[in-house]
Amino acid sequence: MLTSICAVIGFPLLGATINGLFGWKIKRKAHWVAVPAIALSAIFALRLFSQVLAGHTFVGDLYPWLVIGKLHVPIGFQLDQLSVFMITTVTFVATWIHIYSIGYMDHEPPMGYARYFCYLNMFVTFMLVLCLANNYVLMFVGWEGVGLCSYLLIGYWYEKASAANAGMKAFVVNRIGDFGFMIGLFLIYKFVGSLQFNDVFAHAHEITPAMATIITLLLFTGATGKSAQIPLYVWLPDAMEGPTPVSSLIHAATMVTAGVYMVSRSHALFNLAPLSMEVVATVGAATAFFAATMALVNNDLKRVLAYSTVSQLGYMFIGVGVGVYAAGIFHLMTHAFFKGLMFLTAGSVMHALHGELDMQKMGGLLKKMPITAITFIVGATAIAGIPPLAGFWSKDEILAGAFVHGHKVIWFVGTFTAFLTAFYMFRLIFLTFFGEPRDEHIHEIAHESPPVMTIPLIVLAIGSALVGFAAILPHGGVAGFLNHVLASGHHVAEAAEEGGGVEHMLMIISVIAGFAGVGLAASMYLKGVPNPKTLGSTFKPIYTLLYHKYYVDELYFFLFVNPLVGGSRQVLWKFVDVVLIDGTVNGVAKVCGWIGSGLRYIQTGVIAHYAIGILGGAVILYWLRLLFG
Amino acid sequence: MGALPVYHYVGMGLLLFLIGAVGVIIRRNAIVMFLCLELMLNGVNVIFMALGRAKGSVEGQVIVLFVMAVAAAEAAIGMAIITSYYRTHRSVDADKADLMKW
């Protein structure tokens, strides 16, 4: 099994290495390296999945990596229901994104093309390391690795200032979260004495509840950075500056799901800290709601999807926060399918319209690009929670979990957010694909994408439609499968059985919420009742607030960035650097200069003077010796 | 014929040294300065010899041999410098050799 695990990680690593070292020679054929690499990885992941399904799990070390005193960190892997679920999702979705990229990145210069595929492979490699690690340190390697790759890929068009800045923003915001994550790890090591998952979770009960709360809150800080939750979600919408398949990869398979995975992996710690669980669920609910409201008024195709991702990640955190870890991870998987799909369709639209993203200029694209439109509608229906598509099953599990575990407010916020989700998703559809074309020129140039792009769309659309049924497979479906690892949480199944009637009622309510959202969007953007424009001017303050994303970016700039930049400029630069450091260095040089210019008069160039000096010196020394010797 | 007391030798050595030193200081001609330098060395040599013999040890004589060897080497280099200096400047006036002076 270790061999297969190494193969899963090794193939993308090999692909990245080849494209990284020989990309200058491979150029346009880079995808012949990258795509087979990831596809082989996906095949091995599926093989591992079947083995785990048969009941074989694996924990073991490849070799010791760091041995410092008592700290022992191996390169070791843990393959259980949770990690195999993750890697299968990641490699499957990533494979189709790789294939899609061949078409999407068609117009790139040859060198950039190879660089792109190198990063893409590397991204998946690090995500797999993160998911398969059997200790926190190796997990952190993957954790930082995906951060690095996201920086590289968001800033892929580095000659564009906004892309370079967005890359930096993603990296810096992630670092803030990582800071908390690292301190959490240090505390775990201090109180448990090991960073191996098995040791930590076996000895978790030795940690005092207060310390467990601190540790889990710090870990969750890391998760808010990586998984774009309040207050560190700001990097994700800006990450749209990267190529669209990259957004798809970041949002679907790699990167943002890492936080949810980490919290689920650490469930033994989180279960000890009820307060932290509350915080996780509350932050998740707040993020889900606020991000959804921001998506309501945005006109940028990709940004709406980005806010939708933030919102859906909020759902996942509601799931893990209320203790239904399996539901959270299940939503992660279904979300990977439909969000990956929707980003790829958005990319297809962009590709057809030569980079146009403003929905107000689109309209009527259904006839021009039917495959894109239909697959997008499938994805949107899935995210809106319309049965029987994927999103319905997983979202419903989360909301039912929240309700059954007594988080009624969170359930209500979640359900309302489901309504908002359905609304903004169908607003997007109606503005983009239906109605009259609002810009003749753009409508003129629109065309369906080549098969290399549409086939991944179709595959992922089928996936989005069908993966939800995994919930009702025998042996408890996905939840039953994942609860081999995660069951130590609350007794989900029992609780659900107790509230069987309630469960159906909740299901009906969330379906109604979904349909209501779709209906409202249809009436507003197809019929114009009520007219969105008049509605916008009636509620102008709210509209402006939402349109400017609650001014959070401005607030962060005011609170953190400007003081930091100003402080660095005024204090660190103009005082510490210019006055202190430069002053010291220049001062030393100046003093030496003064002394030298005084002393140079001694050097007359007349040898007689030197000779007298030497002789006089000798006499004086002799005299001193007589005096004191 | 009784041996001269040792201070005679030391006094002569000192005299030689001082003549040499004054010569180095007051003369301009590099070759003359050079000769005076040799004189200083030999003054010191005489004192070494005399004191070494008076003490009944060979160390003084050994040092003199070293000084002579070094002086020979120094003479070769010094004369070479003076010769090449003369070639470029057509003069051996030490006061004019002030190119490195500020």
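**Helices in chain A**

Reader: How do helix 16 and helix 20 of chain A lie to each other, roughly parallel or roughly antiparallel?

Author: Those two helices of chain A are roughly parallel to each other. That label is for angles under 35 degrees, with over 145 being roughly antiparallel, 65 to 115 roughly perpendicular and the rest oblique. Helices are DSSP runs of H or I with at least four residues, strands are E runs of at least two, and both are numbered from the N terminus.

Reader: Anything I should know about the model and numbering?

Author: It's a predicted model, where local features need pLDDT of at least 70 and side-chain atom pairs pLDDT 80 or more, while totals for chains, interfaces and linings use all residues. Residues are numbered from 1 along each chain as its sequence is written, chains are lettered from A and ligands numbered from 1 in the order in which they are written, and side-chain values use heavy atoms, leaving out hydrogens and water.

Reader: Back to that pair: at what angle do the axes of helix 16 and helix 20 of chain A cross?

Author: Roughly 25°, and the axes come within 9 Å. Axes are lines fitted to C-alpha atoms over the stretch in contact, with angles running from 0 to 180 degrees between N-to-C directions.

Reader: And which residues make the contact?

Author: Among them are T375(A) and V378(A) of helix 16 of chain A, and L457(A) and A461(A) of helix 20 of chain A. Contact means heavy atoms within 4.5 Å.

Reader: Is T375(A) buried or exposed?

Author: T375(A) counts as buried, at 5% relative accessibility. Buried is under 20% relative accessible area, exposed over 50%, and partly exposed in between (1.4 Å probe, protein chains only).

Reader: Which backbone oxygen does its side chain reach at 2.8 Å?

Author: The one of I371(A). The T375(A) side chain also reaches the backbone oxygen of T372(A), at 2.9 Å.

Reader: New topic: how many residues of helix 14 of chain A are buried?

Author: 21 of the 21, so helix 14 of chain A is largely enclosed by the rest of the structure.

Reader: What comes after helix 14 of chain A?

Author: G323(A), whose phi is positive, near 100°. At the start of helix 14 of chain A, a side-chain oxygen of D300(A) reaches to within 3.0 Å of the backbone nitrogen of K302(A).

Reader: Zooming out, how many helices and strands does chain A have?

Author: 27 helices and two strands. Buried residues make up 55% of the 629 residues in chain A, and its C-alpha trace spans about 115 × 65 × 50 Å along its principal axes.

Terms used. Polar contact = N/O pair within 3.5 Å; in protein donor to acceptor, adjacent residues only side chain to side chain.
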